Amino acid sequence: MNPGNLAQQITRFMVLLLFQVLILKRMSMGWGEVAYWNILLYPLFILWLPVRTNPLIMLLLAFVLGLSIDMFYDSPGIHASALVFTAFVRPLVLNWMEPREGYNLNAAPSRALFGLTGFLQYAAIMMGVHLFFYFSVDAFTFVYIADILLKTFFSFVLSMAFIAMVTLIFSPSK
Amino acid sequence: MQSIIQLFTRYGTFLLFLLLEAACFILIVKYNGEQKEIFISSSNRISAGILQRYDKFTSYLNLDDRMRKMQEENARLVAELESLKSFYANQESFPDSIGQFQTIPAKVFNKSTFGNNNWFTLDRGSNHGVREGMGVINDKGVVGIVRKTSENFSLVMSVLHRDMRISGAIKNKSSHGLLRWKDSDPRILDLEFIPRHVALELGDTIQTSGFSNIFPQDIMIGTVLYREVPQGQNFYQVKVELAYDFFDVDYVYIIDNLTGAEVVRLEESISQ
């Protein structure tokens, strides 16, 4: 990983962390009477990592980012465990989505690589996994399965809307 | 040795995954346990600093709204004061005026009303006289109980926490029970141990009982939304709708019960 790329990753890490805890966290709490959603955008950090990132490093990064998020959410371990799981699943999803000619050496999942629909499809699988795991761990029991699914559903729709927006605004198509 | 290295190169990712998940689950279980002795929480220095600074900034944006709320509260207090004055004007002697309760005003700068175990972080701590076990209210009703303090911050267990128990009484009826949050709906509490002979009506007001040393008597909690005596039971099943929306909690009062320690000492002296 060259230095320019490293700086880019650190910036992403910080921006996503601050955007999540300062802005999105409040939106989860502030709207309506019963909040059944929690907009999560920080998994984008893991989603955007280059395809050939060492899985060990990816897991550690997920753990650190998750714990940082937890620090602000007062929920030690919950975001971290979900993000570690998401990072663990990522290679399987990428494997499944691999183009026929394989990935380039420096390829990173993006709109340019998969196309808009392809990238959103990839993001949808990852976010679905992440949110379901997150709400399951939050409840800590499957007794509230209806509740978990409901929360996952609403949060999924809203988070995906944000991811689509971010993709359209910041991610070049070529 | 060879085989261990081989094992690790082959299953390293999976092993690290298991290790990290185990670490996470230890954190989760420990944090939800009895002692909240954990470093990673919003009252630690870095995150509390950032959150507080940001909160200071955003609080300018709705000053208007907050001032109106304060004014409403003031207006109500003035009205109450006036009616008390006219009441005591007709009395021969004033009641004992040594206040049992003092309040410490504080501001909520971090809160969760989303999970199963909710917390508030306040910008007042042991330096300001906050101690563990103090009750927290706002002008509308009960908010929670202080569970942990640092020098400048305190963590408050919300009424919407699975471990929370509050003694609640029915207004104008001599019966009291225990309030717990069992539903997933952040507006509904369960009131337990109300015997079936009590004439409980829908819409009855539930207040603090004043038996717990934590809250003063007659602090609003909510109104009865549903009440039923299950077949063959001696106690009602009661659902209480909270008096206000927990998303709205911003300024609160921490209750310092000046005689609380004395009561506890007295009670402990008997149990020994």
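The questions and answers below concern a predicted model, and they take up the contact of chain B with chain A and then strand S5 of chain B.

Trainee: Which helix or strand gives the largest share of the side of chain B that touches chain A?

Mentor: The contact takes 40 residues from chain B and 38 residues from chain A. On the side of chain B, the elements that give two or more residues are helix H1 (2-31), helix H2 (45-59) and strand S1 (101-111). The largest share, 14 residues, belongs to H1(B).

Trainee: How many salt bridges does the rule find across the interface of chain B and chain A?

Mentor: The two chains bury about 3,600 Å² between them, with 70% of that area on carbon and sulfur atoms. Two residue pairs are in polar contact between chain B and chain A, both at pLDDT 80 or more, and by class the side of chain B that touches chain A has 19 nonpolar, 14 polar and seven charged residues. For salt bridges across this interface, the count is zero.

Trainee: Which residue of S5(B) is the bridge partner of Trp119(B)?

Mentor: Strand S5 (residues 154-161) of chain B is mostly covered, with eight of its eight residues buried. Strand S2 (residues 117-122) of chain B runs antiparallel to S5(B) and is joined to it by five bridges, while strand S4 (residues 142-149) of chain B also pairs with S5(B) in the antiparallel sense, over five bridges. From S4(B), Ile145(B) stands opposite Met157(B) in S5(B), and the bridge partner of Trp119(B) in S5(B) is likewise Met157(B).

Trainee: How many residues lie between S4(B) and S5(B) in their hairpin?

Mentor: These strands pair in the antiparallel sense. In the hairpin that S4(B) and S5(B) form, the number of residues between them is four.

Definitions and conventions: Residues numbered from 1 in each chain as written. Chains lettered and ligands numbered in written order. Predicted model: local features only at pLDDT ≥ 70, side-chain atom pairs only at ≥ 80, totals over all residues. Heavy atoms only, no water. Contact = heavy atoms within 4.5 Å. Buried area = accessible area lost by both parts, 1.4 Å probe. Salt bridge = Lys/Arg side-chain N within 4 Å of Asp/Glu carboxyl O. Polar contact = N/O pair within 3.5 Å; in protein donor to acceptor, adjacent residues only side chain to side chain. Nonpolar A, V, L, I, M, F, W, Y, C, P; charged D, E, K, R; others polar. Buried < 20%, exposed > 50% of the residue type's maximum accessible area, 1.4 Å probe, protein only. Pairing = 2+ DSSP bridges.
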